[in-house]
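Let's take a walk through a protein model together. Keep the structure open beside you and turn it around as you read.

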Amino acid sequence: WYQRRVREAVVSTQSTGVTGKCGSVLVRLVPAPRGTGLVSAPVPKKLLNMAGCEDCYTCATGQTATLGNFAKATFAAIAATYAYLTPDMWSPTVFTNSPYQEYTDYLAKPFVKQPKKEVKY
């Protein structure tokens, strides 16, 4: 079920499923297809809405009645989404020439073996 949902959510606001834990509460955020909206309890829904997540399923286990831990676990899951570097977050790469390209003139010269000089002591 989970892998099918991830495949359907190719164009989702969240790239992959993440989890957050605080106390006994474990919150799992699963990407949802675009247009689904936030499918969650009121506490995570408010946090996900403030975080800018548009389409997301949630699954929570543990003592979710303790709203402090429930909110912290949701926040930990949202924070885990920033651990992934998407291509738009990559820093620009400066490519340098390889040593073969840089020293082609030197490498193109024929190698001439130098005669050994005798050293007298």
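Start at the hairpin made by strands E1 and E2: there are two residues between the strands, and Gly-23 takes a positive phi near 65°. Keep in mind that this is a predicted model.

**The hairpin**

E1 and E2 run antiparallel and are joined by five bridges. If you look across from Thr-19, you'll find Arg-28 of E2 standing opposite. Which way do the side chains of E1 point? They alternate: Val-18, Gly-20 and Cys-22 are buried on one face, while Thr-19 and Lys-21 point to the other face and are not buried.

Now hop from the hairpin to another glycine. Gly-62 sits in the loop that links strand E4 (56–61) to helix H3 (67–81). Along the chain, Gly-62 and Gly-23 are 39 residues apart, yet 8.5 Å separates their C-alpha atoms. If you skip the neighbours within four places in sequence, Gly-62 is in contact with Ser-24 and Val-25.

**Helix H3**

Follow the chain on into H3. This helix has 15 residues, and its first and last C-alpha atoms are 21 Å apart, close to the 21 Å expected at 1.5 Å a residue. Which residues of H3 are buried? They are Phe-70, Ala-73, Thr-74, Ala-77 and Ile-78. These residues lie on the same side of H3, because they cover an arc of only 140° around the axis. What do they pack against? Their partners are E1, E2, helix H2 (42–51) and E4. Flip to the face turned away from the buried side and you meet the exposed residues Lys-72 and Phe-75.

Let's zoom in on one of the buried residues, Thr-74. Thr-74 counts as buried because its relative accessibility is 0%. Leaving out residues up to four places away in sequence, Thr-74 touches Val-27, Pro-44 and Leu-47.

**The core**

The largest nonpolar core is a group of 13 residues, and Val-27, Leu-29, Leu-48 and Cys-56 have the most contacts inside it. At least two of the core residues come from each of strand E1 (18–22), strand E2 (25–31) and H3. H3 gives the largest share, with four residues. In soluble globular proteins, nonpolar side chains tend to be buried together.

Val-27 is a good residue to click on. Beyond its neighbours within four places in sequence, its contacts include Val-18 and Gly-20, Cys-59 and Ala-60, and also Phe-70 and Ala-77.

**Cysteines without a disulfide**

How many disulfides does the structure hold? The count is zero. The sulfur of Cys-56 has its closest cysteine sulfur in Cys-53, 4.3 Å away, so the two are too far apart for a bond. Two of the cysteines sit in rather unlike surroundings, as this table shows.

| Residue | Relative accessible area | Status |
|---|---|---|
| Cys-56 | 0% | buried |
| Cys-59 | 33% | partly exposed |

**Stepping back**

Zoom out now and take in the whole chain. The protein has five helices and four strands. Read from the N terminus, the elements come in the order α-β-β-β-α-β-α-α-α. The protein has 121 residues, and 24% of them count as buried. Finally, take the contacts in the protein with a separation of 6 or more: 61% of these are between residues 24 or more positions apart.

How values were computed: Residues numbered from 1 in each chain as written. Predicted model: local features only at pLDDT ≥ 70, side-chain atom pairs only at ≥ 80, totals over all residues. Heavy atoms only, no water. Contact = heavy atoms within 4.5 Å. Core = buried A, V, L, I, M, F, W, Y, C linked by side-chain atoms within 4.5 Å. Buried < 20%, exposed > 50% of the residue type's maximum accessible area, 1.4 Å probe, protein only. Disulfide = S-S within 2.5 Å. Expected span 1.5 Å × (residues − 1). Arc of directions from axis to C-beta. Pairing = 2+ DSSP bridges.
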